[in-house]
Amino acid sequence: MEHAPTLNTTHLMPITTRPSLIMARGKGSYLWDGAGRQYLDLVQGWAVNCLGHCPDVIIQALHEQARTLINPSPAFHNARYLQLADSLARLSGLDHAFFANSGAEANEGAIKLARKWGRLHRGGAFEIITTHNAFHGRTLATMAASGKPGWDAIFPPAMPGFTKVDFGDLSAIEHAITDRTCAVMVEPIQGEAGVIVPPQGYLRGLRELTHARGVLFIADEVQTGIARTGKMFGHQWEDARPDIMTLGKGLGGGVPLSALMARAEVSCFAPGDQGGTFNGNPLMTAVGCAVVDTVSEPAFLAAVEQRGEQLRARLRDMGSRFGFTDVRGRGLLVAVTLGSAHAEKARDVALDQGLLVNAPRPNTLRFMPALNITAQEIDDAMTRLESVLASVGV
Ligand SMILES: *Cc1c(COP(=O)(O)O)cnc(C)c1O
């Protein structure tokens, strides 16, 4: 018998609302709470556990590395971060990597790198064009870069230097580029906004436009990278290699690890410009190596696409009966728009029935399961979702 721990939140900052339960353990696509109740998990730590909960390859990497070397200090090289930098460079075609601990920190580094490049190579240009409804993180700079409505007013003064345009609109970017612009930064698919897939040709067009106008193209692949969309990186769907790319979420398979990647020509940090106490530590980067080796296998990537197609087909079928207005996504980053604003209610009822889904908007449900979820688990999850939607009456 599992003993349910008591829930006492007296000493926590109230940064969000959470259900009144404590998650206790996980395996693959399943989570169990402290009372032993099982949940089929299509959220996976916010698209983080790309190999599911507690996968053997990560357990093994952590075990072996913890026994060998946890942190020699950021003043020394370690074999694991060298290996991970090599792998990511080979897979992305971007020459240099810097490792950090969160997506926001990687994006903060991308902003610094673009500003430094603008100072050195574009007459002091420092502005970065970003998009409405974008999500780039929760530091002061990445909040300013994000296009979340209201986010510029919470912690004034907002950091200057960001210009916003509509996502998916290439000509808006073309018109927004000035002598002050050093870079354009976009997510290949807007994740937190509700899985907004841009029009075909947008990324390729951005690549060509930024090249022609002499500014940098930054791809925030924190959510779309590491096989989430069925390719190793989301920009590869349009062969639109960026100058700077950030990775996070799935890179660590559940542990805190992110990366900033850049072409050698724009990689202009000098010693002292960038760093961090925990950055590139071998414990986390050993996990990154295990994750990248696993998900970059062609058979693994093909399976992500197949499972994504299966998921979208089931959702389209359900949508015709429940009045969804849209089913969209790539690979295993998928969302639906309901015909009503009952997404949060559906999420809560699903939780009660042992199914975890995410509601990023009042009318949007998002699915970001483990990339190695089985066909049977998707089938099971969709059957459960149907009964949830029927009882909610969306
Ligand atoms: C989650 C996310 C971030 C922020 O990552 P953190 O690890 O939470 O700091 C940045 N960009 C995108 C596209 C994300 O999805």
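A disulfide is a pair of cysteine sulfur atoms within 2.5 Å. The model is predicted: local features need pLDDT of at least 70, side-chain atom pairs count only at pLDDT 80 or more, and totals for chains, interfaces and linings use all residues. Residues are numbered from 1 along each chain as its sequence is written, and side-chain values use heavy atoms, with hydrogens and water left out.

**Exercise 1.** Find how many disulfides the structure holds, then examine Cys 50 and Cys 268.

*Solution.* Start with the count: zero disulfides. Next take Cys 50. Its nearest cysteine sulfur belongs to Cys 54, 13 Å away. Cys 50 is buried (under 20% relative accessible area, with a 1.4 Å probe and protein chains only; over 50% is exposed, in between partly exposed), at 1%. Now take Cys 268. Its nearest cysteine sulfur, that of Cys 182, lies 9.9 Å away. Cys 268 also counts as buried, at 14% relative accessibility.

**Exercise 2.** Work out the strand order of the open sheet and name its edge strands.

*Solution.* Strands (E, at least two residues) and helices (H or I, at least four) are DSSP runs, numbered from the N terminus. Two strands pair if DSSP finds at least two bridges between them. The four strands run in the order E1-E2-E3-E13, with mixed pairing. E1 (23-27) and E13 (355-356) are the edges, each pairing on one side only. Look at E1 and E2 (residues 30-33): four bridges join them, antiparallel. Gly 26 has Leu 31 in E2 as its bridge partner.
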